[in-house]
Amino acid sequence: MTSSEPLVLGIETSCDETGVGIVRGHTLLADAVASSVEEHARFGGVVPEVASRAHLEAMVPTIQRACETAGIAPRDVDAIAVTAGPGLAGALLVGVAAAKALAIGLDKPLYGVNHLAAHVAVDQLQHGALPEPCLAMLVSGGHSSLLKVGDVTGDIEPMGATIDDAAGEAFDKVARLLGLGFPGGPVIDRTATSGSSVAIDFPRGLSSRRDLERHRFDFSFSGLKTAVARWVEARERSGEPVPVADVAASFQEAVCDVLVRKALDAASSLDIEDIVIGGGVAANSRLRVLAEERGAKLGIRIRVPRPGLCTDNGAMVAALGAEMVARGRTPSALDLPADSSQPVTHVLA
Ligand code: KG4
Ligand code: ZN
């Protein structure tokens, strides 16, 4: 770490995590996260108003905790970065307002960045500079997409995306119908370890020859979710117990199989040898193993940050902000809006 690298504080509030991260260049100094996930659990999904209020309450203590951990004062930073979108409108507003207040109060440049690009940039904190170009697969509660990344601060080209549910959404819905609680990803991941991934042959969305002609790099998980629901219903009607671990493992295998297959196909089609996987679902243990195994056979390197950096956090925003500073990007205007549907091609607001 050299002191010439930019010291950046990043704020993330797009969903239910209040994240404040501090990085110097590619070095992580602090990653403070306060989550309101437990307040949403009884509703089976994130309630936007509850999330916004929780962000408001957590913001100042989380900033203080991050600064203490990093051993810095807010005035030491070179820039403030914040998730400008996409995400829940009210939740984003809390982070953007806090970031503007810091930028104005401290007289520092402000970078309003794209949440999805930040999920890619965070890998630099663990594995160093991103190979350029690389193929990124983003799999979270709100998004499932394949992206060609030439430069994470400004050159991101979408190759494909989900046409219905996001991968994380499928995990959450299937966990709910199995009575496993919310969020679904971690509990399905754990439950699947004692089940068989080949017990039930669940469908692989958009993988038939005909679908591949139109949707080679797109995903679909809603048919899979329905197939799981029908299978469980039929089992319940028959009076036999539902083998929850087998359903979880077979469902997880169907999701991971399609994700990995399409990501490798996209990388191969572009002659790209590096895939970065990000977003909450990248924390999935089976996805990580399958990607590694199949990638190795094709000579494609797989980079996945550790699970804590895959789920929403402030460090990812700080990492992208630091890259913006390092590449001399023009800061955002101080009246930058929060954009709940910010496209991934719009990396800097
Ligand atoms: O990136 P993230 O923290 O928030 C969004 O931007 O959506 O992703 C949250 C999603 C949830 O749907 C959660 O169930 C899923 O990531 N997730 C997982 C795992 N950990 C979190 N999915 C599968 N396996 C996991 N281990
Ligand atoms: Zn996310």
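**Exercise 1. Find how far apart the mean positions of the positive and negative charges of the protein chain lie.**

Solution. Start with the counting rule: Lys and Arg are positive, Asp and Glu are negative, and His and the chain ends are not counted. Each charge is then placed at NZ of Lys, CZ of Arg, CG of Asp or CD of Glu. That gives 31 positive and 43 negative charges, and their mean positions are 4 Å apart.

A quick word on ground rules before going on. This is a predicted model, where local features need pLDDT of at least 70, side-chain atom pairs count only at pLDDT 80 or more, and totals for chains, interfaces and linings use all residues. Residues are numbered from 1 along each chain as its sequence is written, chains are lettered from A and ligands numbered from 1 in the order in which they are written, and side-chain values use heavy atoms, with hydrogens and water left out.

**Exercise 2. Describe the overall build of the protein chain: what are its secondary structure, compactness and surface?**

Solution. Step one, count the elements. Helices (H or I, at least four residues) and strands (E, at least two) are DSSP runs, numbered from the N terminus. The protein chain has 13 helices and ten strands.

Step two, check the compactness. The radius of gyration is taken over C-alpha atoms, and the globule rule is 2.2 Å times the number of residues to the power 0.38. For 349 residues the rule gives 20 Å, and the chain's own radius of gyration is 20 Å, so the chain is as compact as a globular protein of that length. Along the principal axes, its C-alpha trace spans about 65 × 45 × 30 Å.

Step three, look at burial and surface. Buried means under 20% relative accessible area, exposed over 50%, and partly exposed in between (1.4 Å probe, protein chains only). By that yardstick, 52% of the 349 residues are buried. Accessible areas come from the Shrake-Rupley method with a 1.4 Å probe, and for residues only the protein chains shown count as cover. The accessible surface comes to about 14400 Å², with 51% of it belonging to carbon and sulfur atoms.

Step four, see who meets whom. Contact means heavy atoms within 4.5 Å. Among contacts between residues at least 6 apart in sequence, 74% join residues at least 24 apart.

**Exercise 3. Work out which protein donors hold the zinc ion (ligand 2).**

Solution. Donors are N, O and S atoms within 2.8 Å of the metal (3.2 Å for Na, K and Ca); water is not among the atoms, so sites may look incomplete. The protein donors are H115 (NE2), H119 (NE2) and D312 (OD), at 2.1 to 2.2 Å from the zinc ion. Written along the sequence, the donor spacing reads H-x3-H-x192-D. One pair here links distant parts of the chain: H119 sits in helix 4 (residues 115-121), while D312 is 193 residues away, in the loop between helix 12 (307-310) and helix 13 (314-326). Now for burial: H119 has a relative accessible area of 2%, so it is buried, and D312 is buried too, at 14%.

**Exercise 4. Track down the backbone oddities: which peptide bonds are cis, and where is phi positive in a residue other than glycine?**

Solution. First, the background: most residues other than glycine have a negative phi, and most peptide bonds are trans.

- The E132 to P133 bond is cis, with omega near -5°. P133 is in the loop between helix 5 (124-127) and strand 6 (134-139).
- The F182 to P183 bond is cis, again with omega near -5°. P183 belongs to the loop between helix 6 (167-177) and helix 7 (184-192).
- D107 has phi near 60°. Its loop runs between helix 3 (89-106) and strand 5 (110-114), and D107 is exposed at 70%.
- D271 has phi near 60°. This residue lies in the loop between helix 10 (244-269) and strand 9 (274-278), and D271 is exposed at 72%.

**Exercise 5. Profile V174 and R204: where do they sit, and which residues do they touch?**

Solution. Take V174 to begin with. It is in helix 6 and counts as buried, at 0% relative accessibility. Leaving out residues up to four places away in sequence, V174 touches I188, K225, V228 and F251.

Now R204, found in the loop between helix 7 and helix 8 (209-215). Its relative accessible area is 24%, so R204 is partly exposed. With the sequence neighbours up to four places away left out, R204 touches E253, A254, D257, V258 and R261. From R204 to C256 the C-alpha distance is 9.6 Å, across 52 residues of sequence.
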